[in-house]
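Below are some comments on the model you sent, set out as numbered points. They go from the chain as a whole to single residues, and they may be read alongside the coordinates.

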Amino acid sequence: VTVSVLYWLGEMSNRATRRPSFIPPTDESAEQAHDANAPRTLSLTATNHSVAATPFQVTQMRPFVPHNSRPIGEPFTARATWKGVISGIRALQRLRITGGMAEGPMGKLHSDLVVVSGHSNGNVMVWSADSLHAIGSCQHSNNVSVAQVLVTNTMIYTRVERNMATGKAGDDDEVHVWDLVTMSKKTTLSAHEDRVSALTVPDEDENMLVSGGVDKVIYIWDVKKPSKPTGKLVGHTSTVNQLISSGHLLVSAGAEGVVRTWNLATKTAIASFEGHQSSITLLRWVTPYMSAVAAHKKAKSQNNSRRGSSHDLKALASTPSLTPSASVAATPKAGAGPDELPAPEEDAGPRGTFVTACISGGLRHWETNKSSLTPTFNAKPHRAFITDVVWDTEDLFITSSAAESHIHFYRPGIVGGARVSTRSESGVRNLAIDRNRKLVVAATDGGVLSFFNYGAYLTSEHGDDEDSIRLLMTIQPHIGSISNLLLERAENSQWERLVSVANDNTIFTMDFD
């Protein structure tokens, strides 16, 4: 075990660090961990661990890659994501070395995991998880805490929350725009009359930003023309808690429990639905709309090419659909000719899917396209506030709550659900999932990380089959609540590294061989 400190622009924290402790598994879980089907990379003897102290609490942490629709909690491959920002990172490294921002070279950047983190002192840091050295930083006022960070190919967008003791009104009603290379502030976007509560960057245009606020208003911005917003969307009757976007489709969720969809191109409302009876605190894409559109176009192109080919309909029908919401029917209608395919239903165009969760423990799944919004299932897996949700396609949803030490496994269409203990007495704050290997990691308020394999649960006939979910390993790297979790995967899909941060001002890294 390696215990180290994190260098912030050459300044070293003198905070005491601690070694992570492993919680011995039960006889049953120990036997499962040595099962031939258990993941080799989760063997305790095959990992290296380190704990680093930070001068200020980390409020948000993300891989330093361009903003896209990849859901939070999914593993990512660092090497594969460098294409969009490698030039910016290299320029930052040169600036850091020539300007004396920190001591020591970064090494080979293409293999480094670079992370961006927001802090309680208003600082945004870009740093290497390999060398634990800072690459660059941007500083807000000390009277604010960084609430959200979005990274694009050329810019960093942030929103903040004011410190109630030292801050003043107006400290958190702007969006801050930073240059990716120099880390200097480019501009601020000012229109909200109260705190900015949500941000999203459409994946089609990194110069377009959408912000929502406590003032119930959504603004659309063109960063090249920052003096005033290019659009204003009004409809929510309370705080705009969450925003997501894909292409020109925007989804917003409010504290009044209402979900709304908008067309960013025309700046008009599409649909609204009262999805929950309490404040919506979580909104995530499951199948982003533009992914559904791309899959729909690809499936349509394949179908068109097969019409004029010698492929028979039986072979076409056996081709797996690309996404559940975008598949095109391949079974011929009665009386259809041998070279004819049925046309899709008129209203069955590409449909994105997303989930919402509320403060009272409810979970809801939705389908949306450019003209409609449809709820598809409703569940209540927890008694209170859902903190995170991850999924395996549309077949399994896993949720956590700060009020419970269990995580909940839910399969739509199957009665019941499985509640599995994390072996921690505190609530669960974050989840990370690896769908390829059917693994999920739960991070708790007690500083515990629990690793589960759920492969057998997916094939079980019973939704409440808790015995089919195997606890593989439990570790306690932190004393305080784990606030953020990142899972890095190698190009061969093997686990490469897990990074967690907690409110005890520590960062834990676990490397897998």
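**Notes on the predicted model**

1. The UniProt record, in an unreviewed entry, lists residues 189-224 and 233-272 under "repeat: WD". In the predicted model, the span 233-272 is 0% helix and 65% strand, and its end C-alpha atoms lie 13 Å apart. For residues 189-224 the corresponding values are 0% helix and 53% strand, with 11 Å between the end C-alpha atoms.

2. As for the overall make-up, the chain contains 36 strands and five helices. Among contacts with a separation of 6 or more, 55% are between residues that stand 24 or more positions apart.

3. Turning to burial and surface, 55% of the 513 residues of the chain count as buried. The accessible surface of the chain is about 21700 Å², and carbon and sulfur atoms account for 48% of this area.

4. One sheet deserves a separate description: four strands form an open sheet in the order β22-β23-β24-β25, with antiparallel pairing. Its edge strands are β22 (280-287) and β25 (373-379), each of which pairs on one side only. On average, and with direction ignored, neighbouring strands of this sheet are turned by 25° against each other. As a reminder, strands of a sheet pair through backbone hydrogen bonds, either parallel or antiparallel.

5. Within that sheet, how many bridges join strand β23 to strand β24? The antiparallel pairing of β23 (residues 352-358) with β24 (residues 363-368) runs over six bridges. Phenylalanine 354 stands opposite tryptophan 366 in β24, which gives a convenient place to begin when inspecting the register by eye.

6. Is threonine 506 buried or exposed? Threonine 506 lies in strand β36, which covers residues 506-512, and its relative accessibility is 3%, so it counts as buried, the cut-off being under 20%.

7. The side chain of threonine 506 also has polar partners that are worth checking in the coordinates. One polar contact, at 2.5 Å, is with the side chain of aspartate 504, and another, at 2.6 Å, is with the side chain of histidine 478. Taken with point 6, this describes a buried threonine 506 whose side chain makes polar contacts with the side chains of histidine 478 and aspartate 504.

Definitions and conventions. Residues numbered from 1 in each chain as written. Predicted model: local features only at pLDDT ≥ 70, side-chain atom pairs only at ≥ 80, totals over all residues. Heavy atoms only, no water. Helix = DSSP H or I, 4+ residues; strand = E, 2+ residues; numbered from the N terminus. Buried < 20%, exposed > 50% of the residue type's maximum accessible area, 1.4 Å probe, protein only. Contact = heavy atoms within 4.5 Å. Areas by Shrake-Rupley, 256 points an atom, 1.4 Å probe, with all protein chains shown as cover. UniProt positions renumbered as here; feature names shortened; annotations may be inferred. Polar contact = N/O pair within 3.5 Å; in protein donor to acceptor, adjacent residues only side chain to side chain. Pairing = 2+ DSSP bridges. Axes fitted to C-alpha atoms, helices over the stretch in contact; angles between N-to-C directions.
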